[in-house]
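Here are my notes for your read-through, written as numbered points. Keep the structure open beside them and look up each residue as you go.

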Amino acid sequence: MTAVEPPVHLQYTVEHEWLDSGSPATVGITSVAADALGDIVYLELPTVGDEVTAGAVIGEVESTKSVSELFSPVSGTVVEVNQAAVDDPSVVNSDPYGAGWLLRVDVTETGTLLSAEEYAGLNPA
Amino acid sequence: MTDATITQDRRSPLHDEHVALGATLTSFAGWQMPLRYTSDLAEHTAVRTAAGLFDLSHMAEIVVTGPDAGAFLDGALVGHASAIRLLGAKYTMICAPDGGVIDDLVVYHLAPERYLVVANASNHDPVLAALQERAAGLDVVVDDQSAATALVAVQGPRALEIVLAAGIELADDEVTALKYYACLPFTFAGRPALLARTGYTGEDGFEFYVAADDAPVLWRRLLEVGAPLGLVPAGLSARDSLRLEAGMPLYGNELDRTTTPHDAGLGRVVALGKTGADGLPVPFVGREALEARAAAEPTRVLVGLQGLGRRAARHGYPVLAGPDQVVGTVTSGAPSPTLGHPIAMAYVHPSVAAEGTQLDVDVRGRPEPVRVVALPFYRRPR
């Protein structure tokens, strides 16, 4: 499987999260991460109302093969969690930048983020 | 993702096939091998419901020939190799003098003075060195055929149909009558080859040992005839989850130099009763240590753990009988695709090894409840 190009309208962390900076902002993991993990079978996400901190671990993404920690790209309050992805985590593999989004956050502060070009530079296809 | 070390790795004779199939390659035991082609779950499920095609060309094939071949292996391995019937196979181990496992092996008895020893890729060098050392003074040739040999496995309930459809130079009734843990020499592309009914997935299946140069032709033929029957190429990731469900030990996880066969619940492979032509017990490397181990109370037991939550235990995680009370260590763990819950194997203290015992595994700082269950987790319907 070849990772799809990171969408240019998103921002990225070195730990393979993406951020769609709206209000609220949407967070997911990249196709690079989803492909490396293999079939994702379990998501552990924060709950609505949780305060998250940029750069801190806020959950886990588990596949048959391995497990990866989920880092928050931003600080703020979780306002929505993608229950459809929790119920069927395979959507994170099939559509990581779309239906496989993970959570929405009311952002108070942004962490260190990369452009699509910078992220692609660190993760050549 | 790219990996700088991958370019140092050896390539299978099927490397181009894997690339053409779009495989995700991984560095494994010094080889660049397919991790998956499409999806771990799809490949795993195909093996349980139809069939999977595996490239195992990284494994080590060592041919032992000569008048002393049987007696040599009886002294070098813990099993009774000379008692393997002609064209039979046996799961066995090679141990160090202290009883520690150097590797687990499958030995095929090919001809009266000829055996094939198959070892794990990661243990190619230590197994070959131990066999060569133990052959000193005997009329036997230890011939490393690993580089010249490819190993292709078809595993799954439809494996027999697929092998029959492949049109190899064996009569259909010979293939059908081949028993589990037995083998048949045949000719493939004009060269000697071996068909064995063995495998490592918990399913019925066949393994083809062919000349490395012939592997791509065999691979493509099996895929062509097998695809309509549900055969898919399957990678190392599916292989690991399949063997774990089947409760099969993996060297480096359940077995290593600090582990005896008895620790792993495999004391039965140690043939303490094997006798030679003179009727006397056969000395073999590790015998004294393993006799003592067999007579002693175990200090740890390999058990199966069923995860009661959703987070899977993984290799190296502590097993707990209460807060901060470590009673063991997980050797392998994963979410079971077939069973739908996490499973793991672990070494635990004998006091907590009984089936039904409730324990916890420390999954990255949080206790996850597990229950001790019988191995294997999965047994194929017959």
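1. Let's start with a term: a salt bridge here is a side-chain nitrogen of Lys or Arg within 4 Å of a carboxyl oxygen of Asp or Glu. By that rule, the structure holds 20 salt bridges over all chains. Bear in mind that this is a predicted model, where local features need pLDDT of at least 70, side-chain atom pairs count only at pLDDT 80 or more, and totals for chains, interfaces and linings use all residues. As for bookkeeping, residues are numbered from 1 along each chain as its sequence is written, chains are lettered from A and ligands numbered from 1 in the order in which they are written, and side-chain values use heavy atoms, with hydrogens and water left out.

2. Now the place where the chains meet. How many residues of chain B are in contact with chain A? There are 23, and they touch 20 residues of chain A; contact means heavy atoms within 4.5 Å. Between them, the chains bury about 1,800 Å², 46% of it on carbon and sulfur atoms. Buried area is the accessible area (1.4 Å probe) that two parts lose on being put together, summed over both.

3. The interface has its share of charge pairs: five salt bridges cross between chain B and chain A. One to look up is Arg314(B) with Glu62(A), at 2.8 Å from N to O. Also, 15 residue pairs are in polar contact between the two chains (both at pLDDT 80 or more). A polar contact is a pair of N or O atoms within 3.5 Å; within protein, one must be able to donate a hydrogen and the other to accept it, and residues adjacent in sequence count only if both atoms are side-chain atoms.

4. Which elements of chain B give two or more residues to the side that touches chain A? They are strand E3 (31-36), helix H2 (40-49), helix H8 (236-245) and strand E17 (325-335). H2(B) has the largest share, with three residues. Helices (H or I, at least four residues) and strands (E, at least two) are DSSP runs, numbered from the N terminus.

5. From the chain A side, have a look at Ser63(A), which lies in strand E6 (residues 57-63). Ser63(A) is buried, with a relative accessible area of 0%. Buried means under 20% relative accessible area, exposed over 50%, partly exposed in between (1.4 Å probe, protein chains only). Among the residues that Ser63(A) touches, leaving out those up to four places away in sequence, are Asp39(A), Arg314(B) and Pro335(B).

6. Back to H8(B), which is mostly covered: nine of its ten residues are buried. Those buried residues pack against strand E2 (24-28), E3, H2, E4, E17 and strand E18 (342-348) of chain B. After the helix comes Gly247(B), with a positive phi near 65°.

7. H8(B) also takes part in a salt bridge, since Arg243(B) meets Glu254(B) at 3.0 Å, N to O. Glu254(B) sits in the loop between H8 and helix H9 (287-295) and Arg243(B) in helix H8, so the pair ties together parts that are eleven residues apart in sequence. Are these two buried or exposed? Glu254(B) is buried at 0% relative accessibility, and Arg243(B) is buried at 1%.

8. A salt bridge with a longer reach in sequence joins Glu203(B) and Arg48(B), with the closest N and O atoms 2.9 Å apart. Glu203(B) is in the loop between E12 and E13 and Arg48(B) in helix H2, so this pair ties together parts that are 155 residues apart in sequence. Glu203(B) counts as buried at 4% relative accessibility, as does Arg48(B) at 10%.

9. Arg311(B) pairs with Glu368(B), the closest N and O atoms being 3.3 Å apart, and both are buried. They also belong to a salt-bridge network with Glu44(A), Glu60(A), Arg364(B) and Arg366(B).

10. Last, the largest nonpolar core, with 32 residues. A nonpolar core is a set of buried Ala, Val, Leu, Ile, Met, Phe, Trp, Tyr and Cys residues joined through side-chain atoms within 4.5 Å. Val154(B), Ile168(B), Leu195(B), Phe208(B) and Leu222(B) touch the most other members. H7(B) gives the most to this core, five residues.
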